[in-house]
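Me: I am new to this structure and would like to learn how to read it step by step. Could you take me through it?

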Amino acid sequence: MEPRDIEGDLTEILIDEEQIRARLAELCRVIEKDYAGKDLLLVGVLKGAVMVMADLARELVHPITMDWMAVSSYGSGTQSSGVVRILKDLDTDLHGRNVLIVEDIIDSGLTLSWLLANLKSRGPESVEICALLRKPAAARVDIDVKYLGFDIPNQFVVGYGLDFDERYRNLRSVGVLAPHIYA
Ligand code: XMP
Ligand code: MG
């Protein structure tokens, strides 16, 4: 199925491809300044952050390395449980490294707050967060996001890496799923 066909499954496009591109470029200019002369390790959280990682990394005019983690915080539903399990750990030793966690979305914040504490315990020089999306109305813990793309309403969104039942990750925009998809 072509991406242009599955766009009919959305009720609304919240953020389109060009808006994402422009915002990531703005964030990259700030990141380049903040890390001037320093090493930078981007840590992507699988699978949702794949698209934002790919675009952010290529937009950055800065030497970087990339590593990946896979964690699970959800059961089968769409509510964060706060129970986080590492499904795939980093290959990189974080001692003395400047780590930038790259995430797709901050919902309750429970996953990232756990991840932040976990990575900070590994002896890095610094750990910061870059997230494309945040749902302020869903926050259950306070997360200090240094680089944020967009605040969005408290709705379940898909596209640009975000899935419903593993689908829609390849949409170029971020949108809200139509109710008939859930039925
Ligand atoms: P928490 O609640 O711990 O959740 O901040 C973060 C993770 O949950 C997933 N998530 C979503 N995935 N559409 C999705 O496709 C959404 O609206 C959504 N909200 C949360 C996502 O994996 C994120 O990393
Ligand atoms: Mg995720």
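Reply: We will go from the whole chain to a single sheet, bearing in mind that this is a predicted model.

Me: How many helices and strands are there in the chain?

Reply: A first reading lists the elements and then their order. Here the chain holds five helices and nine strands, and along the sequence they follow the pattern α-β-α-β-α-β-β-β-α-β-β-β-β-α. The radius of gyration is 16 Å, close to the 16 Å that the globule rule gives for 183 residues, so the chain is as compact as a globular protein of that length.

Me: What box do the C-alpha atoms fill, and what share of the residues counts as buried?

Reply: Taken along the principal axes, the box is roughly 50 × 35 × 30 Å. Of the 183 residues, 28% count as buried, a residue being buried if 20 or more other C-beta atoms lie within 10 Å of its own. As for contacts between residues at least 6 apart in sequence, 65% of them join residues at least 24 apart.

Me: Which order do the strands have in the open sheet of three strands?

Reply: To read a sheet, one follows its strands from one edge to the other. In this open sheet the order is β1-β9-β8, and the pairing is antiparallel. Because β1 (10-15) and β8 (157-158) each have a single partner strand, they stand at the edges, and one side of each is left without a neighbour in the sheet.

Me: Over how many bridges do β1 and β9 pair?

Reply: The antiparallel pairing of β1 with β9, which covers residues 174-177, runs over four bridges; in it, leucine 10 stands opposite leucine 177 of β9.

Key. Residues are numbered from 1 along each chain as its sequence is written. Chains are lettered from A and ligands numbered from 1 in the order in which they are written. This is a predicted model: local features need pLDDT of at least 70, side-chain atom pairs count only at pLDDT 80 or more; totals for chains, interfaces and linings use all residues. Two strands pair if DSSP finds at least two bridges between them. Helices (H or I, at least four residues) and strands (E, at least two) are DSSP runs, numbered from the N terminus. The radius of gyration is taken over C-alpha atoms; the globule rule is 2.2 Å times the number of residues to the power 0.38. A residue is buried if 20 or more other C-beta atoms lie within 10 Å of its own, exposed if 12 or fewer, and partly exposed in between; C-beta atoms are placed from the backbone. Two residues are in contact if their C-beta atoms, placed from the backbone, lie within 7 Å.
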